[in-house]
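Reader: I would like to learn how to read a model of this kind, beginning with the fold and ending with single side chains. Could we take the features in turn, with the general idea before the case?

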Amino acid sequence: MTHSDQTTGNFTAGFKDHLIQGVLIFASVLLAFWLTDRWHQQQEKRQATDVINAVIEEMTRNKGIMKDWMPYHKTIMEGVEEILGQDPDEIKFFNIGQLTEERGIFREILTHDSWDYLRQTNPQISIDKRLLINRVFRQQEFVDAAINEAVGFLTTREILNEELAFENYILFYGLISDLYYQQYFMIQTIGRALEELSALESN
């Protein structure tokens with residue numbers, strides 16, 4: 001073998017070694033990128049699952065709270081209806097205590113923490129789920145408003161005015177009725193939303 005042939009052989013062997021090493025390094029880098037991407041996808045999927053579970057749990061809790069309070073509000077409505085059936089001249093003052101037995105109007109909080117988290121973190125959730133969740137919690141804002149209006153009315157000085165007693169009962173009846181029916185429709189909406197979320201999760 002000539003010196004030229006030996007040199008060519010060494011060059012070829014060295015080139016093959018470098019090529020193999022290059023391919024291995026390239027494959028290792030690709031594998032690292034793939035594993036990192038896979039890990040991020042799993043994290044995003046886990047986050048989305050956690051958010052959906054939190055939403056379902058919160059909706060279920062809020063639904064339970066409203067179902068517990070609705071019979072009480074119905075009783076208040078019936079009590080006001082009975083009072084309004086009397087002669088207005090016989091109603092001398094507005095007495096909420098005889099209707100609520102000092103329980104107040106609403107002593108639990110309807111929360112929307114999972115919805116807040118969803119909007120702040122932007123997890124990988126389908127547009128169908130996102131729109132459904134938004135629709136539910138937007139409607140819940142009407143329930144919150146009805147609660148605030150009813151409670152706010154009871155803190156006004158006008159309810160102490162004896163001359164406005166009958167009128168105050170009429171106004172309060174409108175507020176408590178609105179709250180009652182807002183809860184009724186909210187419960188229906190949550191029930192349907194929970195069913196739809198379960199159906200979307202199974203797909």
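Author: Helices and strands are DSSP runs, of at least four residues for a helix and at least two for a strand, and they are numbered from the N terminus. The model before us is predicted, and by that reading the protein holds 5 helices and 0 strands, so that its elements, taken from the N terminus on, run α-α-α-α-α.

Reader: How many residues does the protein have, and what share of them counts as buried?

Author: A residue is called buried when its relative accessible area is under 20%, and exposed when that value is over 50%. Of the 203 residues in this protein, 33% count as buried, while the surface that the protein exposes comes to about 13,300 Å², with carbon and sulfur atoms supplying 55% of it.

Reader: Which residues are buried in helix 3, and where do they lie around the axis?

Author: To read a helix in this way, one looks first for its buried residues and then for the directions in which they point. In helix 3 the buried residues are Ser114, Trp115 and Leu118; because they cover an arc of only 100° around the axis, they lie on the same side of the helix. The face turned away from that buried side carries Asp113 and Gln120, which are exposed. Helix 3, which spans residues 113-121, is followed by Asn122, a residue with a positive phi, near 55°.

Reader: Taking Ser114 by itself, what is in contact with this residue once its neighbours within four places in sequence are left aside?

Author: Contact here means heavy atoms within 4.5 Å. On that reading, and with those sequence neighbours left aside, Ser114 is in contact with Ala54, Val55, Glu58 and Phe137. With Glu58 there is also a polar contact of 2.5 Å, which joins the two side chains. Ser114 counts as buried because its relative accessible area is 6%, under the 20% limit.

Reader: Turning to the surface, which residues form a nonpolar patch, and how much accessible area do they have together?

Author: A patch is made of residues with over 30% relative accessible area and no salt bridge, and nonpolar side chains are joined within 5 Å. Here Tyr181, Tyr184 and Phe185 form such a patch, with about 320 Å² of accessible area together. Tyr181 belongs to helix 5, residues 165-202, and is partly exposed because its relative accessibility is 41%. Its C-alpha atom is separated by 9.8 Å from that of Ala146, 35 residues apart along the chain.

Methods. Residues numbered from 1 in each chain as written. Predicted model: local features only at pLDDT ≥ 70, side-chain atom pairs only at ≥ 80, totals over all residues. Heavy atoms only, no water. Patch = residues over 30% accessible without salt bridge, like charges linked within 9 Å, V, L, I, M, F, W, Y side chains within 5 Å. Areas by Shrake-Rupley, 256 points an atom, 1.4 Å probe, with all protein chains shown as cover. Salt bridge = Lys/Arg side-chain N within 4 Å of Asp/Glu carboxyl O. Buried < 20%, exposed > 50% of the residue type's maximum accessible area, 1.4 Å probe, protein only. Polar contact = N/O pair within 3.5 Å; in protein donor to acceptor, adjacent residues only side chain to side chain. Arc of directions from axis to C-beta.
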